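Welcome, and please take a moment with the sequence and the 3D view below. The report that follows looks at a few helices and how they fit into their surroundings.

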Amino acid sequence: MFDSLSDRLSGIFDKLTRRGALTDSDVAEAMREVRRAMLEADVALEVARDFIEAVREKAVGQDVVKSVTPGQMVVKIVHDELVRVLGSDQQGIDLGAAPPVGILMVGLQGSGKTTSTAKIARRLTDREKKKVLMASLDTRRPAAQEQLRVLGEQTGVATLPIVAGQSPLQIAKRAMDAAKLGSYDVVMLDTAGRVTVDEALMDEVSEVKAATGPHEVLLVADSLTGQDAVNTAKAFDARVGVTGIVLTRVDGDGRGGAALSMRAVTGKPVKLLGTGEKWDALEEFHPERVANRILGMGDIVSLVEKAAETIDAEKAEKIAAKMKKGTFDLDDLADQLKQMEKLGGMGGVLGMLPGIGKMKNQLAEANLDDKVLKRQHAIITSMTKKERASPKIIDGKRRRRIAAGSGTNVADVNKLLKMHRQMADMMKQMGRNKGLMSRMFGGGMSQPTPEMIEQGQAMQKSGQLPGLPSGSGGMPAMPKGLPGLGGGGGLPGLGGGGLPGLGGGSGKRKKKRK
């Protein structure tokens, strides 16, 4: 969502940081371009004006212009102001009340209220270990209550039984009574929406709020609607009293103005971001991390946290044991590909790394999308169990069969096998480094510790992988010709051998000696 704004700001600050010295006029010109970029990103006019004024006051002066790195000083000031505009500190869903804690979901029709209700309920169930009850108060939209019931079955969250003919107020009261009798911790009340804000909608929501006394009133707003989402938030807050905002469709092609303007205009914190259609595609809103993404600094901390949530500790330990022995078969490679998909695919992982925004053209040429991972996985699953365990037996005839079974060609199979051989060689080398192995896999992957988060934040600045020795870029010595590293480093698929299907590397086998 922030791509266009991030590209513009990166271009502006690159010009500043390349200069050895800055004048006040250079800073003023840069601020004019930043203001123009923010307005093009659909940031509210008053927010953009206040932002630029605050940055200009801090940036124009002897302390910045005469500093050793004036360009970097300006970037830091912009970063700090972005964090302030976005809300300074992260605020999650507040459950600090006597159970059952009521959460009232409000918003316009089509903003994603019902789906967000199910996502939040599942999140509270899995992460917070809460017993959650969902209830649909939408009696107007056809099958709205049925939709929530189906979502409840899919997520494993209880829903209030549907009783035909009841009003939203009656359903809300019944939900609270059922939650008390059933010893539920949280009650999610999904209200009806309208195409536009109207009095009937506001009156209905106000009545439900007065009758149930919810601890949280979350407004679900569609980020693709831009400034209209901000206006909607203002209207709901004035009539109902909103405690937090959930922005949906953040993974879309919106320009980011809603997220940047929401806190400054309404004074209410953005608590969650809907980043996709899957049940786990819901992120906490961290102002500092969002500011890092906007300025192209990546988001290593979120990547570490996401990995901690998705990586299977038992599988990680098994792979660690295999690495120590120097064995790494195609089943292990298939597990790694699945893990990459869980983390959001190649694009999702690379998008969180610092400096990737400047390599967009290379990434586009490399065609790093989820289709590549799926094609690689299809090739592996077209092999027999014996072939996966011992890739050396895969001769030309077997390769043709595997290619036909996976819907690919022999060249793709060759590339995959070549990548596996190179990864296996690397695993053997890593297996000899016991200190590295213990740091990577010794503690399992439960939740990131404060030390891990500090290391991740340090990596934002240094570019070094957390927990790895310094002096060599944070990685152990790697075998030459590693896929896509061109013999000396880089990102997979950006030159050298490359990932299967991304070009580069012939994947030809060595002839057997007689």
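Which elements do the buried residues of helix 9 pack against? The partners are strand 1 (101-106), helix 8 (168-181), strand 4 (186-190) and helix 10 (227-239). Please keep in mind that this is a predicted model.

## The chain as a whole

Let us step back for a moment. The chain has 514 residues, and 46% of them are buried. Its secondary structure amounts to 23 helices and eight strands. Among contacts with a separation of 6 or more, 72% join residues that are 24 or more positions apart.

## Helix 9 and its two faces

Helix 9 covers residues 199-212, 14 residues in total. At 1.5 Å a residue these should span 20 Å, and the end C-alpha atoms are indeed 20 Å apart, so expectation and model agree.

Which residues of helix 9 are buried? They are Leu201, Met202, Glu204, Val205, Val208 and Thr212. Because these residues cover an arc of only 165° around the axis, they sit on the same side of helix 9. The face turned away from that buried side carries Glu199 and Ala210, which are exposed. Just after the helix comes Gly213, with a positive phi near 60°.

## Helix 9 against helix 10

Two packed helices are described by the angle between their axes and the distance between the axes. For helix 9 and helix 10, the angle is about 50° and the axes are 10 Å apart. An angle that is neither under 35 degrees nor within 65 to 115 nor over 145 counts as oblique, and helix 9 and helix 10 are therefore oblique to each other. The crossing of this pair is right-handed.

On the helix 9 side, the contact is made by Glu199, Leu201, Met202, Asp203 and Ser206. Helix 10 contributes Ala235, Phe236 and Arg239. You may recognise Leu201 and Met202 from the buried residues of helix 9, while Glu199 is one of the exposed residues on the face turned away from the buried side.

## Helix 10 against helix 11

Helix 10 also meets helix 11 (residues 257-266), and here the axes come within 8 Å and cross at roughly 30°. That makes helix 10 roughly parallel to helix 11, since angles under 35 degrees count that way. This crossing, too, is right-handed.

Who takes part in the contact? From helix 10 come Gln227, Ala229, Val230, Ala233, Lys234 and Asp237. From helix 11 come Gly257, Ala258, Ser261, Met262, Val265 and Thr266.

## A closer look at Lys234

Lys234 belongs to helix 10. Is this residue buried, partly exposed or exposed? Its relative accessible area is 41%, so Lys234 counts as partly exposed. Apart from its neighbours within four places in sequence, Lys234 is in contact with Val265 and Thr266, and both of these are among the helix 11 residues listed for the contact with helix 10.

Lys234 can also be paired with Lys268: the two are 34 residues apart in sequence, with a C-alpha to C-alpha distance of 9.5 Å.

## Arg399 in helix 20

One more residue rounds off the tour. Arg399 lies in helix 20 (residues 396-406). With a relative accessibility of 5%, Arg399 counts as buried, the cut-off being under 20%. Arg399 and Asp412 are 13 residues apart in sequence, and their C-alpha atoms are 9.6 Å apart in space.

Notes
Residues numbered from 1 in each chain as written. Predicted model: local features only at pLDDT ≥ 70, side-chain atom pairs only at ≥ 80, totals over all residues. Heavy atoms only, no water. Helix = DSSP H or I, 4+ residues; strand = E, 2+ residues; numbered from the N terminus. Expected span 1.5 Å × (residues − 1). Buried < 20%, exposed > 50% of the residue type's maximum accessible area, 1.4 Å probe, protein only. Arc of directions from axis to C-beta. Contact = heavy atoms within 4.5 Å. Axes fitted to C-alpha atoms, helices over the stretch in contact; angles between N-to-C directions. Left-handed = near helix turned anticlockwise from the far one by under 90°.
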